[in-house]
Amino acid sequence: VSLLAHLCQRIGDQGPLSVADYMATTLTHPEHGYYVTRDPLGAAGDFTTAPEISQMFGELLGLWAAQTWLDLGQPARIYLAELGPGRGTLMADALRAMRSVPGLLAATQVHLVEISPTLRRCQAQALSDSPCPPHWHESLAHIPNDAPLILLANEFFDALPIHQFVRTADGWRERGVGCDGQRLVWCERAASSLHPSQLPDGTAIALGKILEFCPSASACVADIAARLVQQGGAALIIDYGHNVADAVGDTFQALRAHRFVDPLSTPGQADLTAHVNFHTLARDAKASGARVFGPTAQGALLQALGIEQRAASLRRKATPAQSEQIDSALRRLTHADQMGRLFLAMALAGRQPAAIAGMPPPSE
Ligand SMILES: C[S@@+](CC[C@H](N)C(=O)[O-])C[C@H]1O[C@@H](n2cnc3c(N)ncnc32)[C@H](O)[C@@H]1O
């Protein structure tokens, strides 16, 4: 059965799916899920991420992890975890940069949270000669918790399923995905996935406006925060999104071959994402006792971590063509009209370290 047929059958049996159910099934169905069946990254795929643009991104995050380890007092063991490691490029670049800090790799155990068997194979390949062989997990819950945690998540939270609610004259209605013959269509769901008390009173919000909720992002960040409080350590979350309370707007989008497509038109063949609500993530992390740093713009974080100096050092050994590539990558990663401002970085920490490399002081 194709994914479309499977979705239509479920809709026939149970009624319209929530957007979250549609997104989760489409991305992670064990047989047909988008991430399960392919490597979607790079020019030949559907989208390109920061670590695939330049080695500088992973290297600087590796140095961020190294500084965090130093600031934690050089513990004898740390769990270096990554959520959704894609092709493993970020982790490979990070570990290479971390070699320069004596004692760090001997203390480091690498843990990768990845649901895709295809991408796990890419990660194994990228890390095949790594001094820290990785351990794979289906979820964060399986990473051991008896040593400090240093966690990286780049473009992971945008893949977590969102619910959408539309403001109507009769109050909030949940947006659903129905089936019209062999075509998926937008509709309203009779039953709401959220308790009414979780939705704002809405009278100040214009008719037709959409509110998005991502309960799995909230649960994940609460889990990270609780671990940081209990185990010690820090997390760095980077993604595209916003930092506004009760932000309204439809950010659900689908990318196929580097172009936006209708999110319902080709289930399982396009990447589905939504903007990350950093305001909510910060609130959830604080509620679990973590300190929150930022969010700050990705460009500002990379500048503070020394991307200009790293680019200059790479240029010294580069051909003119390579120098051009370095300049173009630097611009893409940091410039305000490219990834520099749309992408935000937020750090979380337990009681230690007091400060986080590259980030502003903790917010109240
Ligand atoms: C957009 S890619 C980002 C890849 C990588 N971080 C990078 O920057 O290149 C999302 C990654 O998260 C993984 N992923 C998506 N949903 C997941 C889930 N629910 N649990 C674990 N991994 C997931 C995907 O398989 C993929 O590795």
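The following questions and answers look at a predicted model of a protein chain with a ligand.

Visitor: How should the residue numbers and the model be read?
Guide: Local features need pLDDT of at least 70 and side-chain atom pairs count only at pLDDT 80 or more, while totals for chains, interfaces and linings use all residues. Side-chain values use heavy atoms, without hydrogens and water, and residues are numbered along each chain as its sequence is written, from 1.

Visitor: How many residues surround the ligand?
Guide: A residue is near the ligand if one of its heavy atoms lies within 4 Å of it. The closest are Thr49, Gly84, Gly86, Glu114 and Asn154, and the number of residues that surround the ligand is 17.

Visitor: Which residue has a polar backbone atom 2.7 Å from a nitrogen atom of the ligand?
Guide: A polar contact here is a pair of N or O atoms within 3.5 Å. The side chain of Thr49 has an N or O atom 2.5 Å from an oxygen atom of the ligand, and a polar side-chain atom of Glu114 also lies 2.5 Å from a ligand oxygen atom. The backbone atom that lies 2.7 Å from a nitrogen atom of the ligand belongs to Gly84.

Visitor: Why does the radius of gyration of the protein chain agree with a compact globule?
Guide: The radius is taken over C-alpha atoms, and the globule rule is 2.2 Å times the number of residues to the power 0.38. For 364 residues this rule gives a radius near 21 Å, and the two agree because the protein chain has 21 Å.

Conventions. Polar contact = N/O pair within 3.5 Å; in protein donor to acceptor, adjacent residues only side chain to side chain.
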